[in-house]
Amino acid sequence: MSMHVLLVEDDRQLQRQLAEQLSQFGHQVETADDGLAALAIVGQKAFDIVVLDWMMPGVDGITVLRQLREGGMNVPVLMLTALGQVFDKVEGFDAGADDYVVKPVDPLELNARLNALVRARRTNDQPSDTVSAGDITISPSRLRAWRGGRPLNLSQTEFKLLLELARNAGTLVTRPMLIERIWGLDFMPTTNLVDAHIRHLRVKLVEQGDDPISTQRGMGYMLRA
Amino acid sequence: MRWRPQTLRGLTIAFLALFLTVTAAAGLGTFFATLSMIVALVDERVEAESHAIAPVGAKFDWDEWRERITEMARQRDTADLGMLLTDAQGRRIAGNVRFTRPLPLGFSSLDRRDRIEGLSAGRVLVRDLGQGVRLAVFAETEPIDDYFAVRQRLYIAGFGAIVVVVLAGLLLFRRLIGERIEQMRMTAESIIDGDIARRVPLVGDDGEFDQQAAALNRMLDRMGQLMAEVRNVSNDISHEMRTPLARLRNELALLEQRDAAAPVREALMLAIGQADDLLTMFGAMLRIAEIESGARRAGFQSVALDALVEEMIEMVRPLAAEKDQRIAIILNEPAQMAGDRQLLSQMLINLLENAVRHTPVGADVRVSLERGQAGIRLAIADNGPGIAADQRALAMRRFGRTDVSRHHKGHGLGLPLADAIVRLHRGTLTLEDAGPGLRIVMTFPI
C-alpha cells in the first residue's frame, strides 16, 4: 500500500533516515522541519498520514496536532515521542493523535503502524457488524468467530488477537502493536509471550483448514486477507 | 594510659569514680586541715596564757604565779581554759583543774578519757619552770560540745549536695549526648534503608553537635549529588547508545528485507536479535531511572491488584503451558491500592516470566494475594532451583546475575526493575526460600 506521508521532524539526520526508509516501502514522503512548516504544507496537499515529532522548537507537535483537528483535518496522525514521556501519551490521544511510537523507531514497526492506521481509517468508512479476512468471519459485538462457516471456540484473548489481525488483514501487525492493543501495556515483555498466544490461536484455526497467519520473523504477524 | 573508656557508659562510670574519689579526698583533706589549724591556734593561745602566768626568763617566784593563776581564774569565766601549778612531787600549788594522769612536757592533746569536766577535746602545754615546778595550761579545741560530730554532718550535707548535683548533671549530659547521637544513627539507618533525602535534624544553636550534624548533612548532600551524577551518566549513556544502536538495527533490518540477503538471512536475524536485546537492556535501564525519579507517583490511580494479578497470569499462562507448568492463584479478597497500572503490570509480568523461565518443565508456580492489617502481601513462589541465600543480594543488583541465571536468556534487570516498582509504591520486595524454590514476597501499604 503506497501512501502519501508527511514527516514532521526537526532532527535533520533522523528525518533523512526515516524518509529514506519510508520511501523504500514505496511511500511518497514529504518533510517539514518544524511545526510552522508542517501547518503550512498540510493545508496545501492531501496526505494519507502525518508522522509528527512531539518535541520540536517553536510550535511543538501537540500544538500542530490541535490546530489540525481544530481546522477540521481528520488525517491520521502518528506521534513520535522520546522515551520516558509517559504521561504525554494521554495528552496526545486527547489532542487527537491516532497512534504513537517511541523513538528510536524501527522502520518496519513504523511502516506497520502507518499501514494499520490508514487501513483502519478506510474500513471505518464502511461500518459493518462483521470483520472478514479470507474464510474467517468475526462478529465483534457477539464475540463470535467462524472459519469456513464453522464456529471457532476461542478464549477471550485469542478472540481479541484474531480480531486485531483480521482488522489489519493483509498487513503486518507487530508485537508491540499487539501488546498495546490486546493487553493495553506500554512495555515489551522479555519473553515470547505474544508468540505463545499466537501459537494457541493457530492451533484452533488450523482445525478448520490451513494456517492463515504468516510470521514476519522478529517483527510480528500477518493474517491472510 | 592503657585503658581508656570507649563508650558513653564507660566514660560516665570512669568520671563518676574519679569524681567521688576526689570529692571524698577533698572532704577528708578539708576536715583534717581545719582540725590541725584549730590545734595550732589553740596551741598559740595556750602558750600565750602560759607565758602570761610565767613569762620566759622571769625569776623563780611561785607565789606570784599562784596569785596570777587565782586572779586569772577569778577574772575570767574561763570554762574553756584550765591551769595547774604543781611542785616537784606533783602536788598541787594552784589551779582550777586536776589531771588523772601525769602529762608530758611540751604540747599534747586531751580528750574525754582525761575526765576533765566540760572538756571533750583540748590541747595542753606543760612547762618546767625550774626546781621541778610545772605549769600546765590547757584550752578546749571544741568550743561547742560534740562540734566534731556536727561538723561531720555539715561536711556530709555539703559534699553530698555537690555529689547529687554533679550526678544529676552527669545523667542529663549523658542523655543529651545520647539523644543527639541517636538522631545521627537514625538518620544513617534511614539512608541505609534507601531514604537518601533524610538528614540529621539541627537544633539551631550552632553548637558542636549542630556543627557536626551540619557537616554530616553536607557530606550526605555531596554523596547524593555524586550518586545523581553517576546515575545521570549511566542514563545518558543509555540514551546516547540507543539512537546509534537503533540505526544499526534498522540498517540490518532493511538489509534483511532485500532478496540479495537470502544466503545470510539467518546471520542477519541473529544480529538483529542481539541488537534488540541491547535495546531492551538500555530501555530497562532508562525505565528504572524513570521509576526511581519518583515522577510517576503523580499519576497514581486506584488499581484492583487482584484483578490485575489474574489478568497478568492469564497473559503468561500459554507460555507456562508450553513448559507443562501450572500457575495456581490464591486470592482471598479484593485488594485495591493506589498505583501505576502499567508499572504494576510490568512488575507482575517480569516476575511471572522469571518464574516460568528459571524453573524446569513441569514446575508449579503459586501466586497468593492477601490483605492484612499492615497492607497487601503478594507472593510469587515456585518449586524450581531457587536462589541460594548468599546469591540473593546479588540477584537484586543491576546486572547482578547469579551463576545459575547466567545460563538463561535475560538482561539481569528484571528483579531490580520489579524492586524499583515496588519501592515506588512504598512497598518492600524480599527473596525467600520456598523450600524448594524461590518465593518473592512483596508488601504494599494501603
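**Exercises on a two-chain model**

B:Pro436 lies in the loop between strand S11 (428-433) and strand S12 (438-444) of chain B; helices (DSSP runs of H or I, at least four residues) and strands (DSSP runs of E, at least two) are numbered from the N terminus. The model is predicted: local features need pLDDT of at least 70 and side-chain atom pairs count only at pLDDT 80 or more, while totals for chains, interfaces and linings use all residues. Residues are numbered from 1 along each chain as its sequence is written, and chains are lettered from A and ligands numbered from 1 in the order in which they are written.

**Exercise 1. Loops of chain B**

Identify the residue joined to B:Pro436 by a cis peptide bond, then place B:Asp206 and B:Arg426.

*Solution.*
1. The cis bond links B:Gly435 to B:Pro436, with omega about 0°.
2. B:Asp206 belongs to the loop between helix H3 (147-192) and H4 of chain B. Its phi is near 60°, a positive value in a residue other than glycine.
3. B:Asp206 counts as exposed because it has 10 C-beta neighbours inside 10 Å. The scale is as follows: buried means 20 or more other C-beta atoms within 10 Å of the residue's own, exposed means 12 or fewer, and partly exposed lies in between, with C-beta atoms placed from the backbone.
4. B:Arg426 sits in the loop between helix H9 (414-424) and S11 of chain B. Although not a glycine, B:Arg426 has a positive phi of about 60°.
5. With 13 C-beta neighbours inside 10 Å, B:Arg426 is therefore classed as partly exposed.
6. As background, most residues other than glycine have a negative phi, and most peptide bonds are trans.

**Exercise 2. A four-stranded sheet in chain A**

State the order in which four strands of chain A form an open sheet, and follow the pairing from S6(A) to S7(A), S7(A) to S8(A) and S8(A) to S9(A).

*Solution.*
1. The order is S6-S7-S8-S9, with antiparallel pairing; two strands pair if DSSP finds at least two bridges between them.
2. The edges are strand S6 (131-133) and strand S9 (150-151) of chain A, each of which pairs on one side only.
3. S6(A) and S7(A) run antiparallel and are joined by three bridges. In this pair, A:Val131 stands opposite A:Ile138 of S7(A). The two strands form a hairpin with two residues between them, and A:Gly134 in the turn has a positive phi of about 60°.
4. S7(A) and S8(A) also run antiparallel, over four bridges. The bridge partner of A:Thr137 is A:Trp146 in S8(A). This hairpin has four residues between its strands, with a positive phi of about 55° at A:Leu143 in the turn.
5. Strand S8 (residues 144-147) of chain A pairs with S9(A) over two bridges, in the antiparallel sense. A:Arg147 stands opposite A:Arg150 in S9(A).
6. The side chains of strand S7 (residues 136-139) alternate: A:Ile136 and A:Ile138 point to one face and are buried, whereas A:Thr137 and A:Ser139 point to the other and are not.

**Exercise 3. Helix H8 of chain A**

Compare the expected span of H8(A) with the distance between its end C-alpha atoms, and locate its buried residues.

*Solution.*
1. The expected span is 1.5 Å times one less than the number of residues.
2. Helix H8 (residues 193-206) of chain A has 14 residues and should therefore span 20 Å; its end C-alpha atoms are 20 Å apart, in agreement.
3. The buried residues of H8(A) are A:Leu193, A:Val194, A:His197, A:Ile198, A:Leu201 and A:Leu205.
4. They cover an arc of only 130° around the axis, so they lie on the same side of H8(A); the arc is that of the directions from the helix axis to the C-beta atoms.
5. Their cover includes S8, helix H6 (156-167), helix H7 (175-183), strand S11 (213-216) and strand S12 (220-223) of chain A, together with H6 of chain B.

**Exercise 4. Where the chains meet**

Describe the side of chain B that touches chain A.

*Solution.*
1. The contact takes 31 residues from chain B and 26 residues from chain A; residues are in contact if their C-beta atoms, placed from the backbone, lie within 7 Å.
2. Helix H4 (208-257), helix H5 (265-292), helix H6 (305-322) and helix H7 (341-357) of chain B each give two or more residues to this side.
3. H4(B) gives the most, with eight residues.
4. The side of chain B that touches chain A divides into 11 nonpolar, 11 polar and nine charged residues. Here Ala, Val, Leu, Ile, Met, Phe, Trp, Tyr, Cys and Pro count as nonpolar, Asp, Glu, Lys and Arg as charged, and the others, Gly among them, as polar.
5. The model scores ipTM 0.85 and pTM 0.66.

Note on methods: Contact = placed C-beta atoms within 7 Å.
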